[in-house]
Amino acid sequence: MTILDPTETVSEPDDGPALVELIRADQLAGVRRSLAIAVPVNLLLAAATFAVASHFGHFGEGLLWFVAACAVNLARIVQIRMRPVGHQADTATATISHLKVAAVLSALSGIVWALTPFLASLSDTTNLFNLIVGAGITGGSIAMGFAFAPVALCFVTPILLSQTAWLLS
């Protein structure tokens, strides 16, 4: 079983595949609702992170990071606005594909956020700000990611690993 394989996370109950398809569709709707709130917040925090990095003399690195954060969030916005398409027989497959893409895009966003320690030197107060923002954004992701856990886990894991490494350095 892999974290990105939603077909393995719910066994088929006695009601058959129709119930599993309804569960997946409900999970996708929940992910969309959560991301519709999370992505704008993510963009605001990215702008604040860029502003702090710029203020402390890391304009170039901050700008590059901010562009990456905006690009991933743009992809996430496009993805949550898309609807699964397909014939009746492969609607479940399209829904599962959407859930997988949401998890991959969350991982990419998490990787971008995991790069925030590189926006400053180890002695910079910028990293303290990034640590606080990272803690808040990961906590919010877990709280909002209840519909389909891999989306939240793929987002928070790189951030927490990066922050742990920074704290241990």
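**Close-up views of a predicted five-helix model**

**View 1. Surroundings of V72 in helix α2.** Leaving aside residues up to four places away in sequence, V72 touches L105, L108, S109 and V112, where contact means heavy atoms within 4.5 Å. The model is predicted, so that local features need pLDDT of at least 70 and side-chain atom pairs count only at pLDDT 80 or more, whereas totals for chains, interfaces and linings use all residues. Residues are numbered from 1 along each chain as its sequence is written, and side-chain values use heavy atoms, with hydrogens and water left out. V72 lies in helix α2, which covers residues 59–81; helices (H or I, at least four residues) and strands (E, at least two) are DSSP runs numbered from the N terminus. With a relative accessibility of 13%, V72 counts as buried, a class defined as under 20% relative accessible area, against over 50% for exposed and in between for partly exposed (1.4 Å probe, protein chains only). The C-alpha atoms of V72 and S106 are 8.5 Å apart in space, although the two residues are 34 apart in sequence.

**View 2. The whole protein.** From the N terminus on, the elements run α-α-α-α-α, giving 5 helices and 0 strands. Of the 169 residues, 43% count as buried. Among the contacts with a separation of 6 or more, 71% come from residues 24 or more positions apart.

**View 3. Helix α2 and its packing against α3.** Helix α2 has 23 residues and reaches 32 Å from its first C-alpha to its last, close to the expected 33 Å, the expected span being 1.5 Å times one less than the number of residues. Its buried residues are G62, W65, F66, A69, V72, N73, R76, Q79 and I80. The axes of α2 and α3 are 9 Å apart and the helices pack at an angle of about 165°; axes are lines fitted to C-alpha atoms, for helices over the stretch in contact, and angles run from 0 to 180 degrees between N-to-C directions. The two helices are therefore roughly antiparallel, since angles over 145 degrees count as such, while those under 35 count as roughly parallel, 65 to 115 as roughly perpendicular and the rest as oblique. The crossing of α2 and α3 is left-handed, which is the case if the near helix is turned anticlockwise from the far one by less than a right angle, a clockwise turn being right-handed. On the α2 side the contact involves W65, A68, A69, V72, N73, A75, R76 and Q79, and on the α3 side H98, V101, A102, L105, S106, L108, S109, V112 and W113.

**View 4. Helix α5 and its kink.** Helix α5 (residues 149–168) has 20 residues, which at 1.5 Å a residue should span 28 Å, and its end C-alpha atoms are indeed 28 Å apart. At V156, shortly before the proline P158, α5 has a kink of about 25°; the bend at a residue is the angle between axes fitted to the seven residues ending there and the seven starting there. The buried residues of α5 include C154, F155, V156, P158 and I159.

**View 5. Helix α5 between two partners, α3 and α4.** The axes of α3 (residues 91–114) and α5 come within 7 Å and cross at roughly 15°, so α3 and α5 are roughly parallel to each other, and their crossing is right-handed. Among the residues of α3 that meet α5 are L99, A103, A107, G110 and A114. Helix α4 (residues 126–144) instead packs on α5 at an angle of about 155°, with axes 10 Å apart, and these two helices are therefore roughly antiparallel, with α4 passing α5 in a left-handed crossing. In this contact, L128, L131, I137 and I142 are among the α4 residues, and A152, V156, L160 and L167 are among those of α5.

**View 6. Surroundings of F155 in α5.** F155 is buried, its relative accessible area being 4%. Residues up to four places away in sequence not counted, F155 touches N42, R76, S106, A107, S109, G110, W113, I137 and S141. The C-alpha atoms of F155 and L108 are 7.5 Å apart, with their positions 47 residues apart in sequence.

**View 7. A38 and L74.** A38 belongs to helix α1 (residues 17–55) and is partly exposed at 27% relative accessible area; its C-alpha atom is separated by 9.7 Å from that of G145, 107 residues apart along the chain. L74, in helix α2, is exposed with a relative accessible area of 53%, and its C-alpha atom is 8.8 Å from that of V39, the two residues being 35 apart in sequence.
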